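Please work through the exercises below with the sequence and the model open beside you. Each task is followed by a solution that goes step by step.

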Amino acid sequence: MADSQDIQTATTSIVTDAQPDSKTRRYDRQLRLWAASGQSALEDAHILVISGTATSTSILKNLVLPGIGKFTILDHAKVTPEDAGNNFFLEGPSSVGKSRAEEAVRLLGELNESVIGTADTSNVEELLEKNPAYFSSFTVVIVHNLEPKLLDKLSTFLWSDDSLPPLFVIRSAGFLAEFYIQFHEHTIIESHSETAPSLRIDKAFPALLEYSLSLDFTKMDPTDHGHIPYVIILVRALEDWKNSHQGKPPQTYAEKKEFKAGVLAMKIKADEENFDEAESQAYRCWADTGVPSDIAALFQDPQLAALKPASPPFYHLLSALQKFTLEPPHTLPLTSTLPDMKASTNSYIHLQKLYKTRAEEEKTHFKSFLTVPIDDALVDSFVKNAHGLKILRGKKWGALDADPTSLGNALTSSPKQTAIHLSLSALSSLNVKQPGIAPTIEALTTEAQALLPAGNALPDDFPDAVGEIARAPTADLPNTAALLGGLVAQEVIKVITKQYVPIASCCTIDLVETWTGVI
Amino acid sequence: MATSSQSTDWQGRYYHIDQVLDKPGPRTDPGFLAGDGVKDFLRNQAKILVIGAGGLGCEILANLALTGFKDIHVIDMDTIDISNLNRQFLFRPKDVGKPKATVAAEFIMNRVPGVTVTPYFGKIQDKDDDYYMQFNLVICGLDSVEARRWMNATLVNLVDPENPESLKPLIDGGTEGFKGQARVILPTITSCYECSLDMLNKPTAFPICTIANTPRLPEHCIEWASVLEWPRVQGDKKLDTDDPEHIGWLYTIASARANDFNIEGVTWSLTQGVVKNIIPAIASTNAIISAACCNEAFKIATSSAAYLNNYFMLIGTDGVYSYTFEHEKRDDCPVCGGESLELSISSDFTVEQLIELLVEKQDIQIKKPSLSTPTSQLYLQAPPQLEEATRPNLTKRVSELVPPEGEVTVTASTLPFSLSLRISYT
C-alpha cells in the first residue's frame, strides 16, 4: 500500500521534513520573535510610503528585509544632487535626474526578491483631490515631512472610517524628530507580556490539591523527597497552614516568615534544593490570584456593552472571558505552561499533565460562553495570552495640538518631549507661511507660542529644541533617518502582526543627548 | 589610503550634513569649529575602525559612509550564512559563503562614491597595538562578549597619559530582538565594558545532573544529545552547529530521548536555537542601535553636538521605552580601575572552589582562569606540564597558600588583562 511505511522510513522522513526550507532559514532570526503567524501577516501587507526621502527608504529597508508582501513609493519628484548625497537607496550622481520613486524601488527591491515594490510617480496632491480611495487599499500609510496642508487632508480622510489604514506621521529636522501613529483601535492578543501567568497555588484546582495531599512526604524515598516540585510542596504546606489557621493563608509579616521557616523545616536533608525553591516562591501562597487589574479594566470597554454578532472576534472572546471570571474561582483560565523547577522527570511530567488537563477543561468551559463561532486556533491563543491582552485607542493626527487640555498636560508631564513636538509643529506652519525662507529662532518661537493655549508658557527646554531646528531645518541627516527607519519599522511590524505593543501616542527623539520619549 | 574628495564630491552632496557642520546648535560645545576645518577633518583625515560586518556592522558602514567618513576599516572573521539575509542588507543570496568584511566593503564602495572601506577577514586578536593606534575611533557591532572584552581591554591598555592621541573612543552597540543598547566608552575616563559586566544576563546553563538524570524540558534533551551523546557516539569528530546533518543528528537523538521521557516540544528550530545559542535579530532594531552608534561617532569626530553620556538602552517590545544614563566607572574594575578586587572567602575554601567561584561570578566571568601569587603559581591551565605540576594545589585550601590580605593574580588566555584579587578569610 502506498501509504504504509516501515519505522525506519517514517523516522527518517520526519527528520528530513523537520529540516527547515530555505525561506524558514532566511527568516529564522525573526520567526523566533513573531512566528509563522506574524510572518504571514507581514506577507499579506501592502505598505504605502509617501516620498522617497532618506528617512522613507530607511523605514522601507527594515520592512523589505523581513519580507513584507508589497510596498509602494508614491513620489513624483526627480532625484536631486542633495538626495543622492544622503540616501543609501539612490546610486549617487548616476541617479540624479531620474524618478526618485523608481530608483528607490529598484534598489530596495534588491534586498529581497520575494517582495513586490511599485513606484508610483503620481502627484499626492492630485490623488488626494481626485481619488482619495487610492489610499484606502493599503495596510498602512507612512508619510515623512509631508506638507501640513496635504497631511491634514490625508489624515482627515484616513480617520473618516475605522476600516481605513493606520497612518504613520514622521517629522524630522537635523538631530530632532518625532513620529505619531493615527489609528482608531488596535487590539492585541499576543502582546508577549513579560509577566508570567499565575500558577494558582493559592487557589489550587481539585486535581492539584488532591495530588499534593495524596503524597506521604514523611515516608517517601529520600531521592523522591528531594525531587518533589515546589508547586506541590507549597500547595501542601498552604493547605496544612490553612487547616490550623481558620482557613486563612499567612497574612502578617510574622506569619509569612513562620510559613517560610515551616517549608524549610520540611527538609529531610540540608541540600534539598526543591525546598529552597519552595521557600523562595512562597509569596505565591498569599499573592491572591484574581483577575489582573489591567484585564479587569478591559471589561469596562464600551465595545463589550454594545456587543453584536458582527463585532470583531476579539470582543466576543473578551466578553466570554468576562463571563468566565464572574464564576468562582474568579480568575483567568489556567495556563498550561509550567516553568522549570527542581523535580524528577516523572514528578514534573505528572504535574505538567495535571496543569494541561485542567487548562483544557477550563478552555472548554470558556468556550461555552462564546456566542458566535470562533476559530479554535484563535481561542487557544486568546486563552493562552489572556493575562497580556491589550486594547489601544488612538487619536486623529493633530488632536494633541487641537486640545488645550492635553497640550497643557503634556507641557507639565513631558516638557522636553513637548518642546520637540512644538518646535517641529512651528517649523511646519512657518514653512507654509514663508515657503523657501530659512526660519529664525525668533520666528519659530513666535509660531510655537501661538500653538499654545492662552496662559501657557513654552517649556524651559524649548530653546534647546528650537535652536536645533533653526540650525538644520531641512536636514534629513543619515543617522537620524536610519534611527527613525528602525523605530518606525518596529512599530509598523507591531501594528501589522498584532504582536507586541505599539505606541498609542507621539514619540519624540533627541539625538543630541540621545534619548527618546513619548508624550 | 587618502581619497581625493574633490574628484568624487558633487555640488549639493553634503547639503543635509553641512547644515549641522556650518553652525553650532544651542547645546554645542563652544570649541566646535564650524565650517571647512571640521569638514576637512571628517572627510580627509578621520580614520575609523568598525568591528563586525554583521547585523550592526552592515548598518554602521552604510551610515558612516553617508555621513562623510571616507577612510573606514572593518574586521570580521565570519562568512555569510543564509540566515543573515533577513537583516544584513549588504549581502545577497549569491554571497552566501563569502567573507562578510570583504563583501560589505565592496558594496559600500560601489554605492557611496569616494569612500574607501578596507576589509580584514580575520580575528581582532590578529592585530597589534600599532594597528589599533592608527584610528581615531572604534565602533563595535559584535555579538560576542569575549570579543568585546578583548577590544575594550586593548583600547584601555593603549592609553598613554603622555599621548592624547592614544585615547581612542570606543562606541559599542548590541541588540536582542526588539531590544538593544548603545554606549560611548572613553577608555580610562568613563566606565568601560568590563565595568558593566554584571549587567549582562546570566547565560542559561543546565546542571549536568539534570541533563543526565532528570530531564524535564525539551532543552534538557537537546543538551543531552549535544553535550553527552555527541562526544560519546561521534568520538573526536567536532560538532559543527552550522552543518544541517549534525543538527539533524542531534534533533533525532533529542527527539528519541524526549519520547522516552514523555517530554514534548523538541523541534528542529529549538534544537538549532539551543546548540547555537541563537539570539533573535531583526533589521529594525539593528538600524536603531547602529544609527545611535554612528551618530555618536559623528558627534565625537566633529564636536557638532554633545555626545552620549554614556549609555542608551532601548526596549521596543511594549511601546518605545528608552533609558539614557551615566554608567559609573568601577574603581575595582580589572581593566580600567587600578584597585584590586576584594574577595572574602571561607578559610576552608580549596583552590578548586575558588576557581568555580570566579567562573560563576557575574562581574568577573572568566572561563578557564589560571591563578598565581607574587611568589608562586597556584594553578595554571596551560601548558600541560605546568598544569600537571600545579594540579595537586586544586584540593589544597587557599588559606594554606595565600596569607590574609594576600594578592592573587588571575589570568585567562581569552582575556588580554589580568585580574588582581585581594583575598580575606571568614
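**Exercise 1. Locate Cys209(B) in the secondary structure of this predicted model, and decide whether it is buried or exposed.**

Step 1. Cys209(B) belongs to helix α8 of chain B, a helix that covers residues 208-212.

Step 2. The count of C-beta neighbours inside 10 Å is 8 for Cys209(B). A residue is called exposed when that count is 12 or fewer, and therefore Cys209(B) counts as exposed.

Step 3. The UniProt record, an unreviewed entry, carries the annotation "active site" at Cys209(B).

**Exercise 2. Describe the eight-stranded open sheet of chain B, and state which helices pack on it.**

Step 1. Reading across the sheet, the strands of chain B come in the order β3-β2-β1-β4-β5-β6-β7-β8, and their pairing is mixed. The edge strands, each of which pairs on one side only, are β3 (116-121) and β8 (321-325) of chain B. From one strand to the next, the twist averages 15°.

Step 2. Take one pair as an example: strand β1 (residues 47-51) and strand β4 (residues 137-141) of chain B run parallel and are joined by four bridges. Within this pair, Ile51(B) has Cys140(B) in β4(B) as its bridge partner.

Step 3. Helix α4 (residues 55-67) of chain B packs on the sheet, where it touches β1, β2 (71-76), β3, β4 and β5 (170-176) of chain B, and its direction makes about 175° with that of β2(B). Helix α7 (residues 145-158) of chain B also packs on the sheet, touching β1, β4, β5 and β6 (179-185) of chain B, with a direction that makes about 165° with that of β4(B).

**Exercise 3. Which residues have the most contacts inside the largest nonpolar core, and which helix gives the most to this core?**

Step 1. The largest nonpolar core has 178 residues, and those with the most contacts inside it are Leu61(B), Ala104(B) and Ala297(B).

Step 2. Helix α12 (residues 283-302) of chain B gives the most to this core, contributing 12 residues.

Step 3. For Leu61(B), once neighbours within four places in sequence are left aside, the contacts are Val50(B), Ala53(B), Ile72(B), Val74(B), Ala104(B), Ile108(B) and Val117(B).

Step 4. There is also a second, separate core of 27 residues, which includes Ile201(A), Val231(A), Leu334(A) and Ala343(A).

**Exercise 4. Work out the strand order of the five-stranded open sheet of chain B, and find the helix that packs on it.**

Step 1. The order of the strands in chain B is β9-β13-β12-β10-β11, with mixed pairing. At the edges lie β9 (341-345) and β11 (377-379) of chain B, each pairing on one side only, and the twist averages 35° from one strand to the next.

Step 2. Strand β12 (residues 406-411) and strand β13 (residues 419-425) of chain B pair in the antiparallel sense over five bridges; across this pair, Val408(B) has Leu421(B) in β13(B) as its bridge partner.

Step 3. Helix α13 (residues 351-360) of chain B packs on the sheet and touches β9, β10 (370-372), β11 and β12 of chain B, its direction making about 70° with that of β11(B).

**Exercise 5. How many residues of each chain are in contact across the interface, and what classes make up the side of chain A?**

Step 1. The contacts involve 68 residues of chain A and 71 residues of chain B.

Step 2. On the side of chain A that touches chain B, helix α24 (residues 478-497) of chain A gives the most, with 10 residues.

Step 3. Sorted by class, that side of chain A has 33 nonpolar, 21 polar and 14 charged residues.

**Exercise 6. Summarise chain A as a whole, and then place Thr405(A) within it.**

Step 1. Chain A has 24 helices and 10 strands, and its C-alpha trace spans about 90 × 75 × 50 Å along the principal axes. Of its 519 residues, 45% count as buried.

Step 2. Thr405(A) lies in helix α20 (residues 404-413) of chain A, and it is exposed because 8 other C-beta atoms lie within 10 Å.

Step 3. From C-alpha to C-alpha, Thr405(A) and Asp21(A) are 55 Å apart in space, and in sequence they are 384 residues apart.

Conventions. Residues are numbered from 1 along each chain as its sequence is written. Chains are lettered from A and ligands numbered from 1 in the order in which they are written. This is a predicted model: local features need pLDDT of at least 70, side-chain atom pairs count only at pLDDT 80 or more; totals for chains, interfaces and linings use all residues. UniProt positions are given in the numbering used here, feature names are shortened, and annotations may be inferred rather than shown by experiment. Helices (H or I, at least four residues) and strands (E, at least two) are DSSP runs, numbered from the N terminus. A residue is buried if 20 or more other C-beta atoms lie within 10 Å of its own, exposed if 12 or fewer, and partly exposed in between; C-beta atoms are placed from the backbone. Two residues are in contact if their C-beta atoms, placed from the backbone, lie within 7 Å. Ala, Val, Leu, Ile, Met, Phe, Trp, Tyr, Cys and Pro count as nonpolar, Asp, Glu, Lys and Arg as charged, and the others, Gly among them, as polar. A nonpolar core is a set of buried Ala, Val, Leu, Ile, Met, Phe, Trp, Tyr and Cys residues joined through C-beta atoms within 7 Å. Two strands pair if DSSP finds at least two bridges between them. Axes are lines fitted to C-alpha atoms, for helices over the stretch in contact, and angles run from 0 to 180 degrees between N-to-C directions.
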